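The following exercises practise the reading of a protein model. Attempt each task before turning to its solution.

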Amino acid sequence: MEAEWEEMARRNWIADEHHCPVQNIVSPYEKGYYFHTDNPFKDLPNAFEEGIRKLKEGDLPNSILLLESAVLQENYDAEAWQLLGTTQAENENEQAAIVALQRCLEIQPNNLKALMALAVSLTNTGQQQEACEALKNWIRFNPKYKHLMKIKIGSPAFSRRMSCAANSSSILVEVKELYLEAARQNSDVIDPDLQTGLGVLFNLSGEYDRAVDAFHVALSVRPGDYLLWNRLGATLANGDRTEEAVETYTRALEIQPGFIRSRYNLGISCINLGAYKEAAGNFLTALGMQRQSRSWQLSNQVMSGNIWAALRIALSMMDQPELFQAANVGDLDTLMKAFNLDL
């Protein structure tokens, strides 16, 4: 059991939806994306603009509802689908993020933000080949690097490396070489998005120290990017550098206090350090944020099953059966009161 938990924690995701205490009453629509029912913003004329405003405020649950309204009103709005996908990822709802980002790319295949975000989400859900395909498409559609896809263009050494990669039957090796070559050819300028892609690839190959270096390079250009700080934290955690991961997640939350994914990751790191009470506090804070949607009835639909599952693990480690039972039935009020947290 302990080994199984450690493996789940290393991957920074928990596939325990079957025991989620929250009922997701949603309606199926458009390529597998499940929209929330009774959306209070469904007829709002400026839903997209309001969604962006809520996102900047760190109000992820209401931002998602607004962006869902926006894509229902204009189903071919690639930017709205992209933002819906990235916001779902920040809100610790990876599957919804993947579907929304895929829909964006059906409409606009060269959306670089969506391709990179999709690669990250696919990596988080253990879909290595699909993640590599997304990263390869990021190179293919990027005006700065698309020439690298033409194998005959470039140095003979690059061609030989690519040939070796192809012979290895490993798309990971192939795509990693593409990104490394892109970095070599642009060594005088730091591209934080390229470094992010390298960080993801090094995570996939288990080269966590190299991934840490890549994210540090990206952060040297974008020190205020809370997504990068979170990805650095996840990489440090994957490399068994949990104490450093805690500091890094904390930095992400200082920049964006409403960043639920980072709050969740911080809780997982606390579990790995044996700080179960602190872990539970972080999970409850995240669930409380998710519940702050405009409609109280709707709020139960936006709370993450992943976070509830992690909370139950933390409470079981604390030997608090009554609190574990409260988590099992989704009684957030009782749990928040027990931990002296504001509702």
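**Exercise 1. Classify Asn340 as buried or exposed, and describe its backbone.**

Step 1. Asn340 counts as exposed because its relative accessibility is 71%; buried means under 20% relative accessible area, exposed over 50%, and partly exposed in between (1.4 Å probe, protein chains only).
Step 2. Asn340 is found in the segment after helix 19. Helices (H or I, at least four residues) and strands (E, at least two) are DSSP runs, numbered from the N terminus.
Step 3. The phi of Asn340 is near 55°, a positive value in a residue other than glycine. Most residues other than glycine have a negative phi.

The model is predicted: local features need pLDDT of at least 70, side-chain atom pairs count only at pLDDT 80 or more, and totals for chains, interfaces and linings use all residues. Residues are numbered from 1 along each chain as its sequence is written, and side-chain values use heavy atoms, with hydrogens and water left out.

**Exercise 2. Describe the place, exposure and phi of Asp38.**

Step 1. Asp38 sits in the loop between strand 2 (33-36) and helix 2 (47-57).
Step 2. With a relative accessible area of 59%, Asp38 is exposed.
Step 3. Although Asp38 is not a glycine, its phi is positive, at about 55°.

**Exercise 3. State where the confidence of the model is low.**

Step 1. The mean pLDDT (the predictor's confidence in each residue, from 0 to 100) of the protein chain is 86, and 82% of its residues reach 70 or more.
Step 2. Over residues 1-30, however, pLDDT is below 50, and this stretch has 68 contacts beyond near neighbours in sequence. Contact means heavy atoms within 4.5 Å.
Step 3. Residues 295-300 also stay under 50, with 14 contacts beyond four places in sequence.
Step 4. Where pLDDT is low, the predicted coordinates should not be read in detail.

**Exercise 4. Determine which residues Leu332 touches.**

Step 1. Leu332 belongs to helix 19 (residues 332-338).
Step 2. Leu332 counts as buried because its relative accessibility is 2%.
Step 3. Not counting residues up to four places away in sequence, Leu332 touches Leu284, Leu287, Gly288, Arg291, Met303 and Trp308.
Step 4. Gly288 lies 44 residues from Leu332 along the chain, and their C-alpha atoms are separated by 7.8 Å.

**Exercise 5. Carry out the analysis for Ser262.**

Step 1. Ser262 is part of helix 14 and, at 0% relative accessibility, counts as buried.
Step 2. Leaving aside neighbours within four places in sequence, Ser262 is in contact with Asn230, Tyr249, Ala252 and Leu253.
Step 3. Ser262 and Asn91 are 171 residues apart in sequence, and 9.1 Å apart in space, C-alpha to C-alpha.

**Exercise 6. Establish the length and burial of helix 9.**

Step 1. Helix 9 (residues 171-185) has 15 residues and reaches 21 Å from its first C-alpha to its last.
Step 2. That span is close to the 21 Å expected, the expected span being 1.5 Å times one less than the number of residues.
Step 3. Helix 9 is mostly covered, with 12 of its 15 residues buried; among them are Ile171, Leu172 and Val175.

**Exercise 7. Summarise the chain as a whole.**

Step 1. The protein chain has 19 helices and 2 strands.
Step 2. Of its 343 residues, 54% are buried.
Step 3. Of the contacts between residues at least 6 apart in sequence, 59% join residues at least 24 apart.
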